[in-house]
Amino acid sequence: MTFSGEFLAFMSLALVAVIGGVLLLNLTKVVHMVVALVFTFVSIAGIYVLLSAEFVAAVQILIYSGAITIIMLFGIMLTRHNDTSEPQTGRWRKLLLFLGVLGFAFAVYIGIYNLDIAQTPTDLHVNNTEQIGIELYSKFIIPFEVTSVLLLVALIGSIVLAKRDDEKEAEEE
């Protein structure tokens, strides 16, 4: 095994992604969870850059790290949180969780240790954004437009539901 810059960059980005995921599951404050999720999203975007998928990395940053995180923060700010009790986690749960993660890591290691993948020449670096655009707007135009209409309907529905809650609160006061 050789230690190249690409290998070290991948290992560091993968480590940040895994640590962000573990922190997301173990933190108790929701805003801290969102920050851990942002670290995970950004490190996954870095892995996409290493795989020569710059367009997917840019979309990962814009959509997930930007829009989804902001939507989650708005959801946190607009909802009420009256639960003051903290869940009690025992030592057995932490031990079983650690053993499960260790078992999964061992299974992945065994699965890829002697994996032999033949290398084939590809044109990854040649106009990948253009190729995505051509595929998206020629073969997949109907699913693309259906998705945009679905997102628009979800946006309008959320506005209607939020407005209805405001009207009920105004009537109660």
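Reader: Why is S52 called buried?

Author: Its relative accessible area is 11%. Buried means under 20%, exposed means over 50%, and partly exposed lies in between (1.4 Å probe, protein chains only). The 11% of S52 is under the cut-off, so S52 is buried.

Reader: Where does S52 sit, and what kind of model is this?

Author: S52 is in the loop between α2 and α3. S52 is not a glycine, yet it has a positive phi of about 65 degrees. The model is predicted: local features need pLDDT of at least 70, side-chain atom pairs count only at pLDDT 80 or more, and totals for chains, interfaces and linings use all residues. Residues are numbered from 1 along each chain as its sequence is written, and side-chain values use heavy atoms, with hydrogens and water left out.

Reader: What makes a stretch such as α3 a helix here?

Author: Helices are DSSP runs of H or I with at least four residues; strands are runs of E with at least two; both are numbered from the N terminus. Helix α3 covers residues 54–78, 25 residues in total.

Reader: How do you know that the length of α3 agrees with what is expected?

Author: The expected span is 1.5 Å times one less than the number of residues. For α3 that gives 36 Å. Its end C-alpha atoms are 34 Å apart, which agrees.

Reader: What is centred on Q60 in α3?

Author: A kink of about 25 degrees. The bend is the angle between two fitted axes: one for the seven residues ending at a residue, one for the seven starting there. Q60 is also among the buried residues of α3, along with A57, S65, T69 and I76. Helix α2 (30–50) is part of what covers them.

Reader: How do you class A58, also in α3?

Author: A58 has 37% relative accessibility, so it counts as partly exposed. Its C-alpha lies 19 Å from that of A36, with their positions 22 residues apart in sequence.

Reader: Which class fits G46, T40 and L37 of α2, buried or exposed?

Author: Buried. G46 is in helix α2 and has 18% relative accessibility. T40, in α2 too, has 11%. L37, again in α2, has 13%. Each is under the cut-off, so each counts as buried.

Reader: What do T40 and L37 touch?

Author: Contact means heavy atoms within 4.5 Å. Leave out residues up to four places away in sequence, and T40 touches A17, G20 and G21. With neighbours within four places set aside, L37 is in contact with L24 and M72. The C-alpha atoms of L37 and G21 are separated by 6.8 Å, though the two are 16 residues apart along the chain. G46 and Q60 are 14 residues apart in sequence and 9.5 Å apart in space, C-alpha to C-alpha.

Reader: What makes α4 "hardly covered"?

Author: The count of buried residues among its 23 residues is zero. Helix α4 (residues 91–113) reaches 32 Å from first C-alpha to last, close to the expected 33 Å.

Reader: Why is the ring pair of Y109 and Y113 called tilted?

Author: The search of the whole structure finds four aromatic pairs. In the pair of Y109 and Y113, ring centres are 5.3 Å apart and planes are at 45 degrees. Rings of Phe, Tyr and Trp (its six-membered ring) pair if their centres lie within 6.5 Å; planes under 30 degrees apart are stacked, over 60 edge-to-face, and the rest tilted. The 45 degrees falls in the rest, so the pair is tilted.

Reader: How are Y109 and Y113 placed in α4?

Author: They are four residues apart, about one turn of the helix. An α-helix has 3.6 residues a turn, so residues three or four places apart point the same way. Y109 is partly exposed at 44%. Y113 is exposed at 54%.

Reader: What makes E135 and K139 a salt bridge?

Author: Side chains of opposite charge can pair when their charged atoms come close. The cut-off is a side-chain nitrogen of Lys or Arg within 4 Å of a carboxyl oxygen of Asp or Glu. Here the N to O distance is 3.5 Å. That is within 4 Å, so the pair qualifies. A search of the whole structure finds one salt bridge. E135 is partly exposed at 32%, and K139 is exposed at 59%.

Reader: Where does UniProt place the feature "transmembrane region"?

Author: The unreviewed entry gives residues 6–27, 34–51, 57–76, 96–115 and 140–162. Positions use the numbering used here, feature names are shortened, and annotations may be inferred rather than shown by experiment. In the model, residues 6–27 are 95% helix and 0% strand, with end C-alpha atoms 31 Å apart. Residues 57–76 are 100% helix and 0% strand, with ends 26 Å apart.
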